[in-house]
Amino acid sequence: MPSKDKKQWLRDTLEPSVKKFPERREKFQTDSGLNIDPLYSPEDLQAQGLDYDKDLGYPGEYPYTRGVQPNTYRGRVWTMRQYSGYGSAAETNERFRYLLEQGQTGLSIAFDLPTQIGYDSDHLLAKGEVGKVGVPICSLVDMETLFEGIPMDKVSTSMTINATASLLLCFYIAAARKQGVSQDQISGTVQNDILKEYIARGTYAYPPRPSMRLVVDVFKYCAENVPRWNTISISGYHMREAGATAVQELAFTFANAIAYVQQALDAGLDIDDFGPRLSFFFVAQNNLFEEVAKFRAARRMWARIMKERFGAKDPRSMMLRFHTQTAGVSLTAQQPDNNLIRCTIQALSAILGGSQSLHVNSRDEALALPSEDSVQLSLRTQQILAFESGVSDVVDPLGGSYYIESLTNELEAKALDYIKRIDDLGGSVEAIEQGFQVREIGDAAYKHGQEVESGDRTIVGVNRFTTEEPPIEGLLRVDEEAALIQIERLAKLRKDRDDGKVKAALKELERVARTEENTVPAILECVENYCTLGEICQIFRGVFGEHQGAFTF
Amino acid sequence: MQDNDRPIRVLVAKPGLDGHDRGAKVIARALRDAGMEVIYTGIRQSPQMITQAAAQEDVDVIGMSILSGAHLEILPEIMGLLRDQGMDDVIVVVGGIIPEVDRQPLKDMGISEVFGPGTTTGSIVEYIQETVKNRARD
């Protein structure tokens with residue numbers, strides 16, 4: 001007799017079988033610690049109260065669970081956007097041109113740490129860091145070099161830049177002007193997500209509250225002047241890399257998003273003026289199904305937050321658009337070729353989850369910046385997924401899977417619980433000031449580490465199936481000369497520019513910083529008069545103060 | 001330095017501008033769980049700040065984590081400062097993203113051990129306990 005429901009099946013069919021042949025583990029869990037049943041059925045969705053029209057709907061329609069575009073990748077596949085930058089502006093320009101020749105469809109700039117934190121390449125604290133994890137951009141001259149021969153009206157550019165986001169946007173606008181491209185023609189994204197820097201990534205400069213003002217200054221300026229620019233990319237990626245679970249990634253990202261929206265509303269902006277330009281950035285980790293469910297849950301959560309919490313009217317304000325990157329933290333130094341397979345599985349989850357844009361990591365990145373060959377393989381991974389695998393031919397292919405829908409519901413519910421806790425603390429900024437997210441992520445990271453060490457969590461080539469092997473060859477090493485050349489370029493710039501104009505522009509910036517006026521036009525004026533990044537940030541440091549990190553672990 | 005009734009004291013530090021502190025914090029916790037007294041500096045520490053903290057806290061060990069590739073510029077400066085301050089007896093270990101070819105040069109400048117990706121916290125605890133014990137015997 002066939003079982004009449006799941007309960008009966010578990011009892012009469014599954015249990016006797018498991019008694020004879022025990023399961024591999026006592027309990028199965030996702031990366032977020034959600035318990036996984038052996039099987040999902042329509043009854044699970046019924047128990048969760050899933051309503052197709054209310055909770056899923058059709059793609060391109062509220063609540064956008066199945067996708068924000070009606071046909072997702074059938075019109076155009078996702079943007080293949082490999083994050084890159086190192087050495088100098090000239091060297092990175094070469095890598096950009098190479099990537100565009102290889103069929104990449106958007107650019108993504110990695111800046112070095114001094115640029116991200118607001119120090120010029122010749123600053124004492126920049127020693128050893130110039131050009132290491134990205135390209136140094138100290139002035140308009142560097143940005144012009146970076147885009148030499150790349151038409152800035154044709155290419156869309158994403159910039160991973162936060163504390164100094166408005167500056168780099170101004171460098172970009174000014175460099176485009178030099179090419180004869182006006183600010184309403186350029187398109188791209190600045191990450192501009194300072195809150196997660198305090199939680200995880202660490203490239204903050206000023207304290208949270210004045211930094212929030214700088215974020216919203218960009219929203220305002222772009223709403224009026226740079227209509228095709230994504231003014232923020234609210235990022236779960238780095239918090240997840242720091243150890244957060246998928247649930248925490250969703251919760252902390254949206255709690256931050258809520259703080260930005262509230263800040264903008266408080267500054268007098270209309271939700272539908274800036275809402276459509278908010279974008280997001282998530283990781284694609286190893287647990288394929290949990291990740292797909294996470295992306296779907298994210299779309300539904302954002303739509304509801306914008307409509308129900310903030311009263312947005314324009315559907316575009318409710319549509320979650322996001323970039324995805326595979327998980328750097330999952331890459332292993334051991335048996336590095338295995339990373340290709342990890343990246344492929346992760347990239348697949350991003351696509352099955354309906355990502356708008358994707359970066360696939362490279363096999364050698366547990367040890368260095370990726371070599372040109374490795375980056376090409378990453379791009380080829382994307383192209384094979386897009387054009388050979390068939391996964392891009394249908395919208396939301398896993399929608400309706402009992403398991404996926406069930407996970408989507410559970411992730412959403414758990415993340416909403418967390419957001420409630422942050423609301424109760426007074427919102428994301430207050431929670432950050434109390435160290436809440438840092439503690440939660442630290443606990444999750446430690447638990448993960450213990451699981452790997454105890455062997456409870458398998459990492460192939462690290463704690464199981466290990467081999468002795470020679471060290472990987474052909475790693476990219478940033479040429480030390482590059483930093484010296486950069487410092488010389490900077491010295492030349494300081495000598496050649498009009499000092500009177502520099503001083504006047506910086507003085508005006510300081511005045512504006514002390515008022516509530518938008519800082520972006522004053523920054524742009526500084527940039528066009530060849531003030532350097534470090535000089536501009538020094539003004540802000542003087543007015544806003546400097547953020548001190550925490551010592552807790 | 002180390003006498004028998006005092007727990008091993010370790011300064012866990014993040015030199016340079018690199019903000020990736022997941023590894024440093026996990027190791028700090030593991031060392032604490034193993035009974036050591038751990039002081040974590042937080043991120044963005046200059047060589048002077050690190051050696052000063054090490055002196056003030058009278059540590060037996062400094063553990064540093066660098067993932068930005070700046071190790072060959074930053075670490076010699078720290079080792080030089082330790083020497084200048086007569087703190088050669090402090091055991092220095094580093095971890096992070098350090099290419100194989102850089103390991104020997106780092107050891108040549110007095111760094112006791114370089115822990116690569118995939119090292120277990122258990123083996124780091126063991127290494128520190130052994131090395132501190134051996135040094136106390138010298």
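1. Which residues of strand 7 (residues 232-235) of chain A are buried on one side, and which on the other? In this predicted model, A:I232 and A:I234 lie on one side of the strand and A:S233 and A:S235 on the other, and all four are buried. Both faces of strand 7 of chain A are therefore covered, given that a residue is buried if 20 or more other C-beta atoms lie within 10 Å of its own.

2. Strand 7 of chain A belongs to an open sheet of five strands in chain A, in the order 1-10-9-8-7 and with parallel pairing. The edges of this sheet are strand 1 (79-80) and strand 7 of chain A, each of which pairs on one side only. Strand 7 is thus worth reading in two ways: as an edge strand in its pairing, and as a strand with both faces covered.

3. At the strand 7 edge, the pairing is with strand 8 (residues 278-284) of chain A; the two run parallel and are joined by four bridges. Within strand 8 of chain A, the residue opposite A:S233 is A:S279. A:S233 is also one of the buried residues named in the opening point.

4. At the other edge, strand 1 of chain A pairs with strand 10 (residues 357-359) of chain A, also in the parallel sense, over two bridges. Here A:M80 has A:L358 of strand 10 as its bridge partner.

5. As for the whole of chain A, there are 23 helices and ten strands. The radius of gyration of chain A is 24 Å, close to the 24 Å that the globule rule gives for 553 residues, so the chain is as compact as a globular protein of that length. Along the principal axes, the C-alpha atoms of chain A fill a box of roughly 90 × 60 × 50 Å.

6. Two further figures describe the packing of chain A. Of its 553 residues, 51% are buried. Among the contacts in chain A with a separation of 6 or more, 78% are between residues 24 or more positions apart.

7. The interface with the second chain involves 33 residues of chain A and 30 residues of chain B. On the chain B side, the elements that give two or more residues are helix 1 (22-33), helix 3 (71-84) and helix 5 (121-137) of chain B. Helix 1 of chain B gives the most, with five residues. By residue class, the side of chain B that touches chain A has ten nonpolar, twelve polar and eight charged residues.

Key. Residues are numbered from 1 along each chain as its sequence is written. Chains are lettered from A and ligands numbered from 1 in the order in which they are written. This is a predicted model: local features need pLDDT of at least 70, side-chain atom pairs count only at pLDDT 80 or more; totals for chains, interfaces and linings use all residues. Two residues are in contact if their C-beta atoms, placed from the backbone, lie within 7 Å. Ala, Val, Leu, Ile, Met, Phe, Trp, Tyr, Cys and Pro count as nonpolar, Asp, Glu, Lys and Arg as charged, and the others, Gly among them, as polar. The radius of gyration is taken over C-alpha atoms; the globule rule is 2.2 Å times the number of residues to the power 0.38. A residue is buried if 20 or more other C-beta atoms lie within 10 Å of its own, exposed if 12 or fewer, and partly exposed in between; C-beta atoms are placed from the backbone. Two strands pair if DSSP finds at least two bridges between them.
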